[in-house]
Amino acid sequence: MSDYALELLSISCTFHSKDDPGQRYTAVADTTLRVRAGEFVSVVGPTGCGKSTLLNVGAGLLEPSSGTVKVFGQTLAGVNARAGYMFQTEALMPWRSAIDNVMVGLQYRGVPDADARGQAEAWLSRVGLSGFGDRYPHQLSGGMRKRVALAQTLVLDPDIILMDEPFSALDIQTRQLMENEVLELWSAPSEGRRAAPRQELTPSGGGRTVPGGSHGRKAVLFITHDLDEAIAMSDRVVVLSAGPATHPIGEFAIDLARPRDVAEVRTQPRFVELHTQIWEVLRDEVLKGYAQQLRKAA
Amino acid sequence: MMPRLNERNARFWQLVLLAIILVGWHLASRNQQVAFFLGEPIQVAGRIWSWFLPFEVPPNLLFPEGLKGNADIYRHLGTTLLETVLAFGIGTVLGLACGLWLALAPTASLILDPYIKAANSMPRVILAPIFALWFGLGIWSKVALAVTLVFFIVFFNVYQGVREVSPVVLANAKMLGANQRQLLRTVYLPSATSWVFSSLHTSVGLAFVGAVVGEYLGSARGVGYLILQAEGTFDVNTVFAGIVVLTGFALLLDGLVGLIEKRLMKWQPRSGETEKL
């Protein structure tokens with residue numbers, strides 16, 4: 001049994017433009033990234049460096065040009081059924097109410113409606129939205145929609161959570177609130193809230209019981225461009241180089257004590273120290289990325 | 001003092017405009033020559049009365065010969081409405097099915113593309129004689145004609161609707177474990193529905209057009225047939241009465257579609273609606 005929940009091994013992604021097949025763009029080059037079961041890993045990098053590409057590869061939504069993805073030691077083919085994905089932009093179905101959005105994944109898995117509704121309601125109240133179930137997404141605020149999306153992902157009890165700058169569209173207060181809630185949900189043991197047995201929820205797992213990590217936690221791969229957010233939330237921060245041909249250029253273990261409060265942890269001396277260390281590495285890449293964008297626009 | 005125009009008293013001004021048009025029409029038709037071409041509003045109203053109501057009106061100032069209460073339009077109107085509703089239903093279902101299929105099957109859409117474009121740009125009213133040949137002079141030749149009109153409107157809207165499904169919503173549904181059929185039911189169909197509804201208003205009118213034009217070109221009953229008969233005898237009042245009745249029922253059907261749309265599309269944000277927290 002592999003220690004790692006998710007392994008991206010020597011991943012390269014090359015896109016070619018439809019109109020001109022000669023024009024190629026290598027977004028990600030020879031990247032290896034491993035996430036242990038129950039580990040919270042953040043990936044930071046300058047804008048447009050291919051962070052989202054990497055995440056889509058891990059999700060199985062995008063097939064890499066070369067390299068393999070392994071999920072709990074097994075090579076991934078197709079969509080990664082053991083992962084939940086929180087998207088950067090709106091991903092809720094606008095034609096379904098909040099509760100219907102949360103229960104849709106359970107319905108896909110063939111959970112009976114009454115049972116699915118019960119679990120969805122429980123999760124809505126867990127993210128602080130009990131009583132909002134009948135609202136449509138457009139009737140909810142941005143933060144509330146993110147909460148619904150969080151419930152939608154977590155109700156399926158995935159072993160791996162992939163997050164693509166999920167809070168970048170939120171204002172700073174809502175954002176810190178959400179970050180703390182995600183940390184709390186993540187560190188809470190996953191037992192006791194599962195109404196349905198695990199076998200039903202992870203059909204692709206073949207009903208095997210798989211360790212969800214040393215603390216029953218989920219593995220998280222968190223993409224962000226915000227270094228503060230990355231350090232405050234993670235066990236490990238991986239810095240990516242500027243694109244094209246992005247690859248990891250630094251890795252930092254975050255040894256801050258948990259539980260953390262994302263607002264308070266920023267004042268600790270160790271946080272500042274880590275921030276300085278990582279920023280040293282990241283700064284040059286940010287400048288490089290910016291220069292490239294200017295050149296592209298010219 | 002002139003009341004200020006707003007949403008609430010707009011109806012009043014709309015009625016005023018209608019009254020002005022009717023009075024103008026009436027005054028113009030005092031001239032016999034104009035009346036021959038334009039008809040007389042009072043006679044038109046009288047015609048509609050005798051079509052719909054079984055009550056006889058004795059001779060009076062407006063109608064020196066009195067009015068017959070024939071109530072004989074229902075057979076014709078029923079035929080026309082049946083054709084319209086059948087064409088609307090069949091055309092919408094066909095358009096929805098083909099639109100979904102072609103949007104999700106790139107190979108088929110690639111091969112069929114020029115044929116669809118050709119079929120759409122063809123003036124389809126021309127098909128009426130062929131349909132009359134194939135389906136006879138009964139209702140089905142009219143239904144067929146109207147279906148060709150409705151089908152393309154719905155088809156193109158569904159096609160567009162499926163293509164414009166938000167890729168993020170689609171990816172999200174995939175990550176939540178949807179298989180191909182579940183994607184169709186929970187993502188593609190609802191997403192296309194909003195496009196379909198915007199097309200239904202147009203297609204309900206076109207279903208009517210198809211039915212009436214079909215009748216006009218050859219039939220034994222229907223409002224189009226009534227109009228054709230009246231035209232043959234230069235009975236311009238009956239022609240206008242037919243037009244008024246058709247317009248009224250087209251508005252009614254349109255309102256019905258709007259009502260259904262309002263019920264089914266309640267998830268859509270309306271412009272100006274505040275966010276309820």
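**Notes on a predicted two-chain model**

1. Let's start small, with one glycine. Gly66(B) has 13 other C-beta atoms within 10 Å, so it counts as partly exposed; the cut-offs are 20 or more for buried and 12 or fewer for exposed. Keep in mind as you read that this is a predicted model.

2. Where does Gly66(B) sit? Look in the loop of chain B that runs between helix H3 (41–52) and helix H4 (74–104). Leaving out residues up to four places away in sequence, Gly66(B) touches Glu56(B), Val57(B), Pro58(B) and Pro59(B). Take Glu56(B): it is 10 residues from Gly66(B) in sequence, and their C-alpha atoms are 7.6 Å apart in space.

3. Staying in chain B, have a look at helix H7 (residues 139–163). It has 25 residues, and at 1.5 Å a residue they should span 36 Å; the C-alpha atoms at its ends are 36 Å apart, so the expected and modelled lengths agree. H7(B) is also mostly covered, with 21 of those 25 residues buried.

4. Now for chain A, which the domain assignment splits in two. Domain 1 comes in pieces, 4–82 + 159–193 + 207–297, while domain 2 is 89–157. Their C-alpha centres lie 25 Å apart. Where the two meet, domain 1 of chain A puts in 12 residues and domain 2 of chain A puts in nine. Which element gives the most on the domain 1 side? That is helix H5 (residues 172–187) of chain A, with five residues. Sorted by class, this side of domain 1 has eight nonpolar, two polar and two charged residues.

5. The two chains touch as well. Chain A brings 22 residues to the contact and chain B brings 18. On the chain A side, the elements giving two or more residues are strand S6 (83–86) and helix H2 (98–108). H2(A) gives the most, with three residues. How does the chain A side divide by class? There are 14 nonpolar, six polar and two charged residues.

6. Chain A also has a sheet worth tracing by eye. It is an open sheet of six strands in the order S6-S7-S8-S3-S9-S10, with mixed pairing. Why do S6 and strand S10 (248–253) of chain A each have a side without a neighbour in the sheet? They stand at the edges and have a single partner strand each, so one side of each is left free of a neighbour there. On average, neighbouring strands of this sheet are turned by 15° against each other, if you ignore direction.

7. Zoom in on one pair from that sheet. Strand S7 (residues 160–164) and strand S8 (residues 219–224) of chain A pair in the parallel sense, over five bridges. For Met163(A), the bridge partner in S8(A) is Phe222(A).

8. A few backbone details in chain A deserve a second look. Asp30(A), in strand S2 (residues 24–36), has a phi near 45°, which is positive even though the residue is not a glycine. With 15 C-beta neighbours inside 10 Å, Asp30(A) counts as partly exposed. Asp157(A) is not a glycine either, yet its phi is positive, about 50°. You'll find Asp157(A) in the loop between helix H4 (142–154) and S7 of chain A, and with 19 other C-beta atoms within 10 Å it is partly exposed.

9. One last spot: which kind of peptide bond leads from Arg258(A) to Pro259(A), cis or trans? It is cis, with omega near -5°. Pro259(A) lies in the loop between S10 and helix H8 (269–297) of chain A.

Key. Residues are numbered from 1 along each chain as its sequence is written. Chains are lettered from A and ligands numbered from 1 in the order in which they are written. This is a predicted model: local features need pLDDT of at least 70, side-chain atom pairs count only at pLDDT 80 or more; totals for chains, interfaces and linings use all residues. Domain bounds come from an automatic or database domain assignment. Two residues are in contact if their C-beta atoms, placed from the backbone, lie within 7 Å. Helices (H or I, at least four residues) and strands (E, at least two) are DSSP runs, numbered from the N terminus. Ala, Val, Leu, Ile, Met, Phe, Trp, Tyr, Cys and Pro count as nonpolar, Asp, Glu, Lys and Arg as charged, and the others, Gly among them, as polar. The expected span of a helix is 1.5 Å times one less than its number of residues. Two strands pair if DSSP finds at least two bridges between them. Axes are lines fitted to C-alpha atoms, for helices over the stretch in contact, and angles run from 0 to 180 degrees between N-to-C directions.
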